[in-house]
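Open the model in your viewer and show it as a cartoon. This tour goes stop by stop, with a selection to make at each one.

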Amino acid sequence: MKLHSDSFTDGHLIPGEFAFAVADSENHIRLSANRNPHLAWQNIPEGTQSLVIVCHDPDVPSVGDNVNQEGKVLEASLPRVDFYHWLLLDIPASVSEIAAGSQSDAITPRGKPGPAAPNGLHHGVNDYTAWFSGDKDMSGQYFGYDGPCPPWNDELMHHYVFTVYALANSTLNVAGELNGANVLAAIAAADVLGSAQITGLYSLNPTVG
């Protein structure tokens, strides 16, 4: 299998229009267009019945105490954990690409609805659900794609890994909430025929590049 994007090049920076926020010289960050990037795949294995897209950032600090705090720096050596930005399920094998902006084209306070997604697909819940849980203006269930917004005081360039899985199953049987851990567990239990991935880079720290 091969995966590519017309929105960014593997191993290079993701344009700001596909992020949740962009850098701002006065306020550190400002909200962005939050469009999902274009993805397309080729050479899916024979017998593929459906596909799943997972996007995660493995570079999120495991402790959030100093995140986006004036006078504080998140050192690159800090322990890191996964943050899931996109879980798109039950893509028919006849589909070979997801158009840019077709699954997300703006920031939706309190999250986009789900699990039903455009074109008959299904969204999982991304990790902005937990991140905004204590925010009176933004708390809610965040289905679908919400793009990069790494801490503006992080010394580490963040990596956004987009993976497409080809399954022999027509649907993915997920136990419990449609979150990253449960979706990955369901993929591990499914008949995976192949996968491919590409990685984009993003930072809101003007000293990182």
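**Stop 1: the five-stranded sheet.** Select the open sheet whose five strands run in the order S8-S6-S5-S9-S10, with antiparallel pairing. S8 and S10 stand at its edges; each has a single partner strand, so one side of each is left without a neighbour in the sheet. Strands here are DSSP runs of E of at least two residues, helices are runs of H or I of at least four, and both are numbered from the N terminus. Two strands pair if DSSP finds at least two bridges between them.

Before going further, note that this is a predicted model: local features need pLDDT of at least 70, side-chain atom pairs count only at pLDDT 80 or more, and totals for chains, interfaces and linings use all residues. Residues are numbered from 1 along each chain as its sequence is written, and side-chain values use heavy atoms, with hydrogens and water left out.

**Stop 2: strand S9.** Select residues 158–167, which make up S9. Is S9 enclosed or open? Nine of its ten residues are buried, so S9 is largely enclosed by the rest of the structure. Buried means under 20% relative accessible area, exposed means over 50%, and partly exposed lies in between (1.4 Å probe, protein chains only).

Now add S10, residues 192–202. Ten bridges join S9 to S10, and the two run antiparallel. Pick His-158 to find one of them: its bridge partner in S10 is Tyr-202.

**Stop 3: strand S5 and its partners.** Select residues 50–61 for S5. S5 pairs with S9 in the antiparallel sense over seven bridges. Label Ser-50, which stands opposite Leu-167 in S9.

Next, add S6, residues 80–92. S6 is joined to S5 by nine bridges, again antiparallel. Label Pro-61 and look across to Arg-80, its bridge partner in S6. With the side chains switched on, keep one rule in mind: in a regular strand they alternate between the two faces of the sheet.

**Stop 4: the edge at S8.** Select residues 122–123, strand S8, and pick His-123. His-123 counts as buried, at 2% relative accessibility. Then draw a distance from His-123 to Asp-90: C-alpha to C-alpha, the two are 8.9 Å apart in space and 33 residues apart in sequence.

**Stop 5: the loop between S7 and S8.** Three picks are waiting here. As background, most residues other than glycine have a negative phi, and most peptide bonds are trans.

- Arg-110 lies in this loop. Its phi is near 75 degrees, a positive value in a residue other than glycine. Arg-110 is partly exposed, with a relative accessible area of 40%.
- Pro-115 is in the loop as well. The peptide bond from Gly-114 to Pro-115 is cis, with omega near 5 degrees.
- Asn-119 also has its place in this loop. Phi of Asn-119 is near 65 degrees, positive in a residue other than glycine. Asn-119 counts as exposed, at 69% relative accessibility.

**Stop 6: the three-stranded sheet.** Select S1, S4 and S7. These three strands form an open sheet in the order S1-S4-S7, with antiparallel pairing. S1 (2–4) and S7 (97–98) stand at the edges, each with a single partner strand, so one side of each is left without a neighbour in the sheet. S1 pairs with S4 (residues 39–42) in the antiparallel sense over three bridges. Label His-4, which stands opposite Ala-40 in S4.

**Stop 7: the S2–S3 hairpin.** Select S2 (residues 21–24) and S3 (residues 28–31), which pair in the antiparallel sense over four bridges. Three residues make the hairpin connection from S2 to S3. Pick Val-22, whose bridge partner in S3 is Arg-30.

**Last stop: zoom out.** Clear the selection and show the whole protein. How many helices and strands does the protein have? There are two helices and ten strands. From the N terminus, the elements run β-β-β-β-β-β-β-β-α-β-α-β. Along its principal axes the C-alpha trace spans about 55 × 35 × 30 Å. Across the 209 residues, 47% count as buried.
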